[in-house]
Amino acid sequence: MDSVHDDRAGGAATRVVPERDLLPLKILVAGGFGVGKTTLVGALSEIPPLSTEQQMTSLSDGVDDVSIVPEKTTTTVAMDFGRVTIDDALVLYLFGTPGQSRFWFMWDELVRGAVGAVVLVDLRRIDDCFAAIDYFENRGVPFVVALNGFPGTEGVDDDIVREALAVPPGCPIVHVDARDDASCTAALIVLVEHALARSA
Amino acid sequence: MTVDRRQRPQTDGGRVVPNYAFTAGRTRSAAGTDMPIEALVTATELGVAAAATLSPESRAIVEASREPQSLAEIGALLGVPIGVARVLVSDLAAEDHLAIHLPLVGTDGRPRRELLERLLDGLRAR
Ligand SMILES: Nc1nc2c(ncn2[C@@H]2O[C@H](COP(=O)(O)OP(=O)(O)OP(=O)(O)O)[C@@H](O)[C@H]2O)c(=O)[nH]1
Ligand SMILES: [Mg+2]
């Protein structure tokens, strides 16, 4: 079955949106509870952040052989997301992913094909970010650590942060105000530069 | 169904044409999970012409997709989980009512370098 549409052959259906090689891209925004994920997505997005649910399936504890005992548990995870039109073809989606560490093992599908991730950190509650940092590091997903500028977190030395959070060498640390579009854009630029440097 | 032709199987061994292309549009079990949440859909002329004859959900998807919509946006629009949106979109694509635009990734599973460069240019221009 040749299911692939070929414009040159004059396929049966023509796209209504003409002659655009549309290409989606995605960046994940991860971090603990209340760290500013939705705020950051909203600051960057051209649409109000939307919410969607993804059902994630995982094997029940103690089940080794899927084919014999197909017992599964399904968890519904809500994600909010926003959209940034980059040019006439590229559309960037930002997905704010809940930070509960027990969900991280289910992110493999979501992370596939991503440009990278922004790990948002509230320096007053750093325990919440280790799972995300470990996850992206282990999967080889480019990421930046973004320190959200909550009151009282100013002036902490980046080297101390790097050590405290075990941020891998070469992984950028940036400072953001998640409410500020320009500040969040700057963080994305650092992320994409980092992803480019790693893809060289 | 209509899939962006850049998504032909690649010689680098990566299978880019999603499973659902081979399941008569029905996503069951693992089939269809290759249509990622950011996949874009656009209505075809056929889809727009047929809209009035479609179910309310399908019609809503086709109408919204006169402008490109991601699977995530379709899910949010209908208030259904991504998996449900994926089934509806797959069925519409199988009927050539929708075109699907998948991400373009290299052998390493990451977006191609030239896309990252375009993304960077676009972000810097903001
Ligand atoms: N001062 C300050 N407050 C912020 C900043 N970013 C977010 N906030 C506030 O922090 C609170 C939590 O922000 P959210 O964006 O909802 O955080 P979240 O990570 O989406 O939270 P959950 O989805 O519940 O995990 C809100 O009251 C925001 O207004 C920031 O950069 N500076
Ligand atoms: Mg939130």
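Before you click on anything, one term: a residue counts as buried when its relative accessible area is under 20%. Keep that cut-off in mind for this tour of a predicted model.

**Stop 1: A:Thr52**

Select A:Thr52 and you will be in strand β2 of chain A, which covers residues 50-59. Its relative accessible area is 2%, so A:Thr52 falls under the cut-off and is buried. What does A:Thr52 touch, leaving aside neighbours within four places in sequence? Within chain A, show A:Val77, A:Ala78, A:Met79 and A:Phe81. Then add the partners from chain B: B:Ile37, B:Ala72, B:Gly75, B:Ala76, B:Val80 and B:Ile82. Leave A:Phe81 on display, as you will meet it again at the next two stops.

**Stop 2: A:Tyr93**

Now move to strand β4 of chain A, residues 90-97, and pick out A:Tyr93. Is A:Tyr93 buried or exposed? With 0% relative accessibility, A:Tyr93 counts as buried. Not counting residues up to four places away in sequence, its contacts in chain A are A:Leu25, A:Lys26, A:Ile27, A:Phe81, A:Gly82 and A:Arg83. Chain B contributes B:Glu38, B:Leu40, B:Gln69, B:Ser70 and B:Glu73 to the list.

While you are here, try the distance tool on the C-alpha atoms of A:Tyr93 and A:Leu28. They are separated by 8.4 Å, although the two residues are 65 places apart along the chain.

**Stop 3: B:Glu73**

Follow the contact from A:Tyr93 across to B:Glu73. This glutamate sits in helix α3 of chain B, and its 7% relative accessibility makes it buried. Setting aside neighbours within four places in sequence, B:Glu73 is in contact with A:Ile47, A:Leu50, A:Phe81, A:Arg83 and A:Tyr93. For another distance, select B:Met35: B:Glu73 and B:Met35 are 38 residues apart in sequence, and their C-alpha atoms are 14 Å apart.

**Stop 4: helices α2 and α3 of chain B**

Stay with α3 of chain B, residues 71-78, and add α2 of chain B, residues 56-64. Two packed helices are described by the angle between their axes and the distance between the axes. How do these two cross? The axes come within 11 Å and cross at roughly 130 degrees. That angle makes α2(B) and α3(B) oblique to each other, and their crossing is right-handed. To see the contact itself, show B:Glu57, B:Ala60, B:Ile61 and B:Ala64 on α2(B), then B:Ile74, B:Leu77 and B:Leu78 on α3(B). Colour them by class and you get six nonpolar residues, no polar ones and one charged.

**Stop 5: two residues with positive phi**

Next, visit two loops, one in each chain. In chain B, go to the loop between α4 (82-94) and β4 (98-101) and select B:Asp96. This residue has a positive phi of about 60 degrees although it is not a glycine. B:Asp96 is buried, with a relative accessible area of 16%.

In chain A, look in the loop between α4 (158-165) and β7 (173-176) for A:Ala166. A:Ala166 also has a positive phi without being a glycine, with a value near 50 degrees. Is A:Ala166 buried or exposed? Its relative accessibility is 51%, so A:Ala166 counts as exposed.

**Stop 6: zoom out to the chains**

Finally, switch to a cartoon view and colour by secondary structure. Chain A has five helices and seven strands. Trace chain A from its N terminus and you pass β-α-β-β-β-α-β-α-β-α-β-α. Chain B comes to five helices and four strands, and its order from the N terminus is β-β-α-α-β-α-α-β-α.

Here are the overall figures to set beside that view:

- Chain A: 51% of its 200 residues count as buried.
- Chain B: 53% of its 126 residues count as buried.
- Chain A: about 9,100 Å² is exposed, with 51% of it supplied by carbon and sulfur atoms.
- Chain B: about 5,200 Å² is exposed, with 52% of it supplied by carbon and sulfur atoms.
- Chain A: of the contacts between residues at least 6 apart in sequence, 69% join residues at least 24 apart.
- Chain B: of the contacts between residues at least 6 apart in sequence, 65% join residues at least 24 apart.

Terms used
Residues are numbered from 1 along each chain as its sequence is written. Chains are lettered from A and ligands numbered from 1 in the order in which they are written. This is a predicted model: local features need pLDDT of at least 70, side-chain atom pairs count only at pLDDT 80 or more; totals for chains, interfaces and linings use all residues. Side-chain values use heavy atoms; hydrogens and water are left out. Buried means under 20% relative accessible area, exposed over 50%, partly exposed in between (1.4 Å probe, protein chains only). Contact means heavy atoms within 4.5 Å. Accessible areas come from the Shrake-Rupley method with a 1.4 Å probe; for residues, only the protein chains shown count as cover. Axes are lines fitted to C-alpha atoms, for helices over the stretch in contact, and angles run from 0 to 180 degrees between N-to-C directions. Angles under 35 degrees count as roughly parallel, over 145 as roughly antiparallel, 65 to 115 as roughly perpendicular and the rest as oblique. A crossing is left-handed if the near helix is turned anticlockwise from the far one by less than a right angle, and right-handed if clockwise. Ala, Val, Leu, Ile, Met, Phe, Trp, Tyr, Cys and Pro count as nonpolar, Asp, Glu, Lys and Arg as charged, and the others, Gly among them, as polar.
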